[in-house]
Amino acid sequence: MFQVNATDKDSRQNGRIKYSLQKARDAAQRNARSSFWIDENTGIIYTNETLLSANKDHAISELTVVATDLGRPSKQSKATVRIEISQSEAEMIRVSSNKYT
């Protein structure tokens, strides 16, 4: 579907990054979290299911992606990714993120 990317200035193993999705805090996040999964090595986010159906032509989900380096101690950063999918718009999928911690 799409890919997130994080970088680390460390070298070798300490500079490697693993990606994950943050655990859901509420029902809306649980629904979004269950619809997507992330490849821990590449940062590619995939869908687990069809997000739109005949009676639903628009969907919005927010996920929090966690990037963790393999250093000791490890460090991590988070970004909230908003995914908007619409059958009626010319641009079928819009992904935006402007929240980083």
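Which residue forms a salt bridge with lysine 18? The partner is glutamate 40, as the second view shows. The legends below describe a predicted model.

**View 1. Overall chain, with 1 helix and 7 strands.** From the N terminus, the order of the elements is β-β-α-β-β-β-β-β. The chain has 101 residues, of which 32% count as buried. About 7000 Å² of the chain is exposed, and carbon and sulfur atoms supply 46% of that area. Among contacts with a separation of 6 or more, 45% are between residues 24 or more positions apart. Mean pLDDT is 77 for the chain, with 70% of residues at 70 or more. Among the elements, strand E2 (residues 17–21) has the highest mean pLDDT, 94, and strand E7 (residues 93–100) the lowest, 52.

**View 2. Salt bridge between glutamate 40 and lysine 18.** The closest N and O atoms of the pair are 3.5 Å apart. Glutamate 40 sits in the loop between E3 and E4, whereas lysine 18 belongs to strand E2; the two are 22 residues apart, and the pair links distant parts of the chain. Glutamate 40 has a relative accessible area of 43% and is partly exposed. Lysine 18 also counts as partly exposed, at 21% relative accessibility. The cut-off for buried is under 20%, so lysine 18, at 21%, does not count as buried.

**View 3. Salt bridge between glutamate 62 and arginine 82.** The N to O distance in this pair is 3.7 Å. Because glutamate 62 is in strand E5 and arginine 82 in strand E6 (residues 76–86), the salt bridge ties together parts of the chain 20 residues apart in sequence. Both side chains belong to partly exposed residues: glutamate 62 has a relative accessibility of 37%, and arginine 82 one of 33%. The salt bridges in the model number 2.

**View 4. Surroundings of threonine 64 in strand E5 (residues 58–69).** Threonine 64 has a relative accessible area of 15% and is buried. Beyond residues up to four places away in sequence, threonine 64 touches Ser20, Leu21 and Gln22, together with Lys78, Ala79 and Thr80.

**View 5. Surroundings of threonine 68, also in strand E5.** This residue counts as buried, with a relative accessibility of 19%. The side chain of threonine 68 makes a polar contact of 3.4 Å with the side chain of glutamine 76. Apart from neighbours within four places in sequence, threonine 68 is in contact with Arg16, Ile17 and Lys18, and with Ser74, Lys75 and Gln76. Lysine 18, in the salt bridge of View 2, is therefore among the contacts of the buried threonine 68.

**View 6. Open sheet of 3 strands in the order E1-E4-E3.** Pairing in this sheet is antiparallel. Strands E1 (2–3) and E3 (36–38) each have a single partner strand and stand at the edges, so one side of each lacks a neighbour in the sheet. Between E1 and strand E4 (residues 44–47), the antiparallel pairing runs over 2 bridges. Phenylalanine 2 is opposite isoleucine 45 of E4.

Technical notes. Residues are numbered from 1 along each chain as its sequence is written. This is a predicted model: local features need pLDDT of at least 70, side-chain atom pairs count only at pLDDT 80 or more; totals for chains, interfaces and linings use all residues. Side-chain values use heavy atoms; hydrogens and water are left out. Helices (H or I, at least four residues) and strands (E, at least two) are DSSP runs, numbered from the N terminus. Buried means under 20% relative accessible area, exposed over 50%, partly exposed in between (1.4 Å probe, protein chains only). Contact means heavy atoms within 4.5 Å. Two strands pair if DSSP finds at least two bridges between them. Accessible areas come from the Shrake-Rupley method with a 1.4 Å probe; for residues, only the protein chains shown count as cover. A polar contact is a pair of N or O atoms within 3.5 Å; within protein, one must be able to donate a hydrogen and the other to accept it, and residues adjacent in sequence count only if both atoms are side-chain atoms. pLDDT is the predictor's confidence in each residue, from 0 to 100. A salt bridge is a side-chain nitrogen of Lys or Arg within 4 Å of a carboxyl oxygen of Asp or Glu.
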